[in-house]
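Reader: Hi! I'm new to this one and would love a friendly walk through it. Could you show it to me?

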Amino acid sequence: MNGPGPVARARAGLPWPDLAAGLFVLALGGLAVWQALAIPVSPIYAQVGPKAVPFVVAGGLLLLGAGLVAQALRGGWSHELEEVRDAPPANRRAFALLLAGLGANLLLIVPLGFSLAATAQYVLVAAAFGSRRFLRDAAVALVLTLAAWFLFVELLGVNIGAGVLEGLVLRALGREPPA
Amino acid sequence: MTDPIAGLALGFGNALTLANLGWALLGCLLGTAVGVLPGIGPALTVALLLPITFKVGATGAFILFCGVYYGAMYGGSTTSILLNTPGESGSIITALEGAKMARNGRAGPALATAAIGSFVAGTVGTLGISFLGPLVVELALQLGPAEYFSLMALCFVTVSAVLGGSALRGLVSLFFGLLLGLVGIDLQTGQPRLTFGVPELLDGVNVVLVAVALFAVGETLYLAWRHVDAPQEVRPVGRVSMSRADLRRSAGPWLRGSLLGFPFGVLPAGGTEMPTMLSYYAERRLAGPEARAEFGKQGAIEGVAGPEAANNAAAAGVLVPMLTLGLPTSATAAIMLSAFQSYGISPGPLLFEQQAALVWTLIASLYVANVLLVALNLPLVGLWARILTIPRPLLYAGILVFATIGTYGISNSVTDLVLLYGLGLVAMGMRRFDFPTAPVVIGMILGPMAEQAMRQALTISQGDWSTFVTRPVSAAILAMAVLALAGPRLYAAFLSRRGGG
């Protein structure tokens, strides 16, 4: 153990983040147990039923979660991580902007289509990382998202419906947008 | 076909056709680019390219994937030398000495020794695959389901508990992956499992979605959370050449690094951290007094040449268990394995018999990729370094565009996107609390295969669980797994008892 001594640890109090991570894993284990119990009994005979492995995995998660909680109660592990010790303060503004970008995409992708939704997301994410040139970002985003759409649809053969913008571009190219 | 010479002759015949050369070149270009770009790696790239498996034949797709895989190893060193931010875990050690050399105006020789070292190691590693692969296949053909299950258990233990900061956190990642792998219809009995009654989950959780959440969304969220507005400094490349002295000092580390790295990749332990670190310490010890003084100060070329070779040789080695046993020991290998599944090809020892042309073309194309990559990287490294001048906000926003389209393309479903962003938040937490991500992907893809092997073994033994420990080979493999899990802790306890009295 090369963390701080017991005195320093007591002064720092309980490492709440580590405890929360442990409890999260425990909750995941609980969720897995609940879902394993919900698996219907198989009408087909099998030497090992469909429930066995889910129970093993759920049990493992509960045990491991308990282990993490125990570790957290003994002082946690975050203080041993260099990346956490040297980390700058949390940037709530950047994080909130990024989440806003993801949210905007979720809301817009069905009504407007991929390119416009992803453009909104792009501008917000770039702003999260400190960009102030919104017009440039929007212009870059329009080109990039359209290029990505054509790359995935035409070259990779992925079926992504044409939205407002994709439809316009396809018509400009003299093609009928797919339904 | 298990004769390497005949196999390679067949393979080169196929690999050198114009179409396959094109796939290799495309893969190498893409791979180098994503290797150079901080924040994306080969696992994410191969995951995003998976839809290509519906459009292109298996040979072309795997040549492309392997080009990306090898290319990312070359590109990663550029970033760690010029930016001092390693692009992937295997380049962390390269950054130690490489960034110091760059600061002292020796970026050129550092980049050159990394590229040539990667070529030497890649060639040694690929030779290893060609000649060791068939031997492993001969052994693997003797294994039954019980042995396979034990092998997979060993693989689980080594990728989660032996590597990384903590066995406990590694195992949590693994079990999280196993849990994700269980979601969907049970193949043997047709029962829905862990679907929460959501019909979208009956098909299981998509590999692409999980990989994108872990490697793109989680990473970007974490970077935003920790974001500081500060310009990043890219060191100038300078002239990419090596003096006679540089060459003399690099040659030994290249060979030693290659020979050290390859076995580590072949073992189910996987991972490139351990061999690169070992190579670094070995070279520091073996260096002459003059060079030793440069370590940690001006930057010693041995400390770039050795670890970089070890990194690439280990990366090549990972393909041996992947191709011969169907055991992936890195995230990228796991995603390639899922590509095999989407072609309906089951990787494993039979691959060399049933898909001889595919396997040997793939191996031959690895030699081709190596030659292409050293040609792309030595003279053109200045061009690749330009990629590093893309402003960070534009880069990260762009990564999320590809993450979104890759996931939305699976089934045009907003549910998938919600799942993607939710898993991304989990991945961000994993990053913050130092949970490794590779075991999640490996657990998710290998888990269902392990369950199937276990059930087959138990069906053969008529429900007798002792089959795993009474069959000698299976018992020996399981014993190794237990030893790998408990050994380090017993050893530590032994040391502390002796030290503490």
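Author: Happy to. One term before we start: helices here are DSSP runs of H or I with at least four residues, numbered from the N terminus. Also keep in mind that this is a predicted model.

Reader: Thanks! What phi does Gly75(A) take, just after helix 3 of chain A?

Author: Gly75(A) has a positive phi of about 120°, and it comes just after helix 3 of chain A.

Reader: How many residues does helix 3 of chain A have, and how far does it reach?

Author: Helix 3 of chain A covers residues 52-73, which is 22 residues. From first C-alpha to last, helix 3 reaches 32 Å, close to the 32 Å expected at 1.5 Å a residue.

Reader: Which residues of helix 3 of chain A are buried?

Author: The buried ones include Val53(A), Pro54(A), Val57(A), Leu61(A), Gly65(A) and Ala72(A). Seen down the axis of helix 3 of chain A, the buried residues fall within an arc of 135°, so they line one face of the helix.

Reader: And what covers those buried residues of helix 3 of chain A?

Author: The cover includes helix 2 (16-37) of chain A, and from chain B it includes helix 8 (167-182), strand 2 (192-193) and helix 21.

Reader: Chain B is in there too! How many residues does each chain give to the contact?

Author: Chain A gives 59 residues and chain B gives 55 residues. On the side of chain A that touches chain B, helix 3 of chain A gives the most, with 9 residues. That side divides into 42 nonpolar residues, 17 polar and no charged.

Reader: Nice. Where does UniProt place the feature "transmembrane region" in chain A?

Author: The UniProt record, an unreviewed entry, puts it at residues 21-46, 52-73, 94-118 and 138-165 of chain A. Residues 52-73 of chain A are 100% helix and 0% strand. The span 94-118 of chain A is 96% helix and 0% strand, with its end C-alpha atoms 18 Å apart.

Reader: How is chain A divided into domains?

Author: Chain A has domain 1 (6-82) and domain 2 (92-172). The centres of domain 1 and domain 2 of chain A, taken over C-alpha atoms, are separated by 37 Å.

Reader: Switching to chain B: is Leu420(B) buried or exposed?

Author: Leu420(B) is buried, because 25 other C-beta atoms lie within 10 Å and the cut-off for buried is 20 or more. Leu420(B) sits in helix 20 of chain B.

Reader: What is Leu420(B) in contact with, leaving aside its neighbours within four places in sequence?

Author: Leu420(B) is in contact with Leu209(B), Val212(B), Ala213(B), Val217(B) and Thr407(B).

Reader: Back to phi for a moment. Which sign do most residues other than glycine have?

Author: Most residues other than glycine have a negative phi. Asn412(B) is not a glycine, yet has a positive phi of about 50°. Asn412(B) is in the loop between helix 19 (392-411) and helix 20 (414-432) of chain B. Asp434(B) also has a positive phi, near 65°, and lies in the loop between helix 20 and helix 21 (438-460) of chain B.

Reader: How many C-beta neighbours does Asn412(B) have inside 10 Å?

Author: Asn412(B) has 14 C-beta neighbours inside 10 Å, so it counts as partly exposed. Asp434(B) has 19 C-beta neighbours inside 10 Å and counts as partly exposed.

Note on methods
Residues are numbered from 1 along each chain as its sequence is written. Chains are lettered from A and ligands numbered from 1 in the order in which they are written. This is a predicted model: local features need pLDDT of at least 70, side-chain atom pairs count only at pLDDT 80 or more; totals for chains, interfaces and linings use all residues. Helices (H or I, at least four residues) and strands (E, at least two) are DSSP runs, numbered from the N terminus. A residue is buried if 20 or more other C-beta atoms lie within 10 Å of its own, exposed if 12 or fewer, and partly exposed in between; C-beta atoms are placed from the backbone. Domain bounds come from an automatic or database domain assignment. UniProt positions are given in the numbering used here, feature names are shortened, and annotations may be inferred rather than shown by experiment. The expected span of a helix is 1.5 Å times one less than its number of residues. The arc is that of the directions from the helix axis to the C-beta atoms. Two residues are in contact if their C-beta atoms, placed from the backbone, lie within 7 Å. Ala, Val, Leu, Ile, Met, Phe, Trp, Tyr, Cys and Pro count as nonpolar, Asp, Glu, Lys and Arg as charged, and the others, Gly among them, as polar.
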